[in-house]
Amino acid sequence: HSLGDFDVDAGGIAAPLTLELQSDIIAHAVQRNLKPLEDIRNVVAVASGKGGVGKSTVAANLALAWAAQGAKVGILDADIYGPSQQMMLGIEGRPQIDEQDEKIMPMENHGVKTMSLGLITDPDTPVIWRGPMVMKALDQFLTDVKWGALDFIIIDLPPGTGDAQLTLTQKVPLTGAIIVTTPQDVALIDARKGLAMFRKVNVPVLGIVENMSFFVCRHC
């Protein structure tokens with residue numbers, strides 16, 4: 001980002017100076033048996049043991065924070081049965097197809113490229129798919145979407161530790177994972193299962209976010 005133009009006193013002569021900072025984000029290691037995705041430096045999964053803990057909100061905030069720091073960021077909404085990133089990022093309309101290579105163009109808002117099933121399906125129609133159909137859709141979201149060069153792509157996983165989550169962690173080259181939970185014991189039990197799942201497939205857990213930890217009353 002350009003910081004603007006300044007006048008510098010160089011031996012009594014005012015000389016113009018423009019400062020520009022650029023992010024240098026490296027690609028981190030992934031699972032040993034997988035290769036990194038082309039043009040995408042880091043893939044970070046945001047997961048939760050159970051639904052309703054604010055996983056999608058954390059994923060959206062993480063993407064916006066990285067974009068604000070100058071990174072090129074995308075979000076893949078892998079929560080097939082309850083896609084919400086199009087609403088989180090205020091995206092409306094339908095994605096277009098690039099006629100040259102017939103790939104889906106991700107939609108963008110606030111500097112974040114996004115692909116979600118919620119962008120291509122009727123919001124009032126439930127998705128009734130079996131596991132293989134879900135995995136085929138997620139594979140297309142990764143390979144048939146024209147993401148371009150990205151520093152980070154965040155995968156908003158569906159809640160739980162079922163077939164879709166396990167298959168993704170085994171087939172997608174992940175830099176790391178973030179687990180979202182709430183302070184209740186019931187949520188923490190499921191969060192531990194998610195932690196164990198990532199450890200079994202050798203995906204490093206970057207951290208655990210304890211969401212909704214407390215409430216500050218504005219009127220007290």
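Select Glu 108 first: Lys 113 of strand 8 stands opposite Glu 108. The model on screen is predicted.

**Strands 7, 8 and 4**

Extend the selection to strand 7 (residues 107–109), which runs antiparallel to strand 8 and is joined to strand 8 by 3 bridges. The two strands make a hairpin with 2 residues between them. In the turn, pick His 110, where phi is positive at about 55 degrees.

Next, colour strand 8 by accessibility. Of its 5 residues, 4 are buried, leaving the strand mostly covered. Then add strand 4, which runs parallel to strand 8 and shares 5 bridges with strand 8. To find the register, select Val 73, which has Val 112 of strand 8 opposite.

**Helix 3**

Move on to helix 3 (residues 131–143). Its end C-alpha atoms lie 18 Å apart, in agreement with the 18 Å that 13 residues should span at 1.5 Å a residue.

Show the side chains of Val 134, Met 135, Ala 137, Leu 138, Phe 141 and Leu 142, the buried residues of this helix. Turn the view to look down the axis of helix 3: these buried residues fall within an arc of 160 degrees, so they line one face of the helix. Pro 132 and Lys 136, on the other side, are exposed.

What do the buried residues of helix 3 pack against? Display strand 4 (73–77), strand 8 (112–116) and helix 4 (163–171), and the packing partners are in view. Strand 4 and strand 8 are the parallel pair visited above.

**Helix 4 and Leu 168**

Keep helix 3 displayed and select the buried residues of helix 4, namely Ala 164, Gln 165, Thr 167, Leu 168 and Thr 169. These pack against helix 3 on the one hand and helix 5 (185–200) on the other.

Centre on Leu 168, a residue of helix 4. With a relative accessibility of 7%, Leu 168 counts as buried. Which residues are in contact with Leu 168, leaving aside its neighbours within four places in sequence? Select Ala 78, Met 135, Leu 138 and Leu 157. Met 135 and Leu 138 are also among the buried residues of helix 3. For a distance to check in the viewer, take the C-alpha atoms of Leu 168 and Asp 139: they are separated by 8.9 Å, and the two residues are 29 apart along the chain.

**The aromatic pair**

Now select Trp 66 and Phe 152. A search of the whole structure finds 1 aromatic pair. Trp 66 and Phe 152 form this pair, and the rings are stacked, with 3.9 Å from centre to centre and 5 degrees between the planes. Trp 66 belongs to helix 1 (residues 55–68) and Phe 152 to strand 9 (residues 150–156), so the pair ties together parts 86 residues apart in sequence. Are the two partners buried or exposed? Trp 66 counts as buried at 17% relative accessibility, and Phe 152 is buried with a relative accessible area of 11%.

**The cysteines**

Finish at Cys 217 and Cys 220. The structure holds 0 disulfides. Cys 217 is in no disulfide, and the nearest cysteine sulfur, that of Cys 220, is 3.0 Å away. Why is there no bond between the two? At 3.0 Å, the sulfur of Cys 220 is too far from that of Cys 217 for a bond, since a disulfide requires sulfur atoms within 2.5 Å. Cys 217 is partly exposed, with a relative accessible area of 30%, while Cys 220 is exposed, at 84%.

Notes. Residues numbered from 1 in each chain as written. Predicted model: local features only at pLDDT ≥ 70, side-chain atom pairs only at ≥ 80, totals over all residues. Heavy atoms only, no water. Phe/Tyr/Trp six-rings, centres within 6.5 Å; stacked < 30°, edge-to-face > 60°. Buried < 20%, exposed > 50% of the residue type's maximum accessible area, 1.4 Å probe, protein only. Expected span 1.5 Å × (residues − 1). Arc of directions from axis to C-beta. Contact = heavy atoms within 4.5 Å. Pairing = 2+ DSSP bridges.
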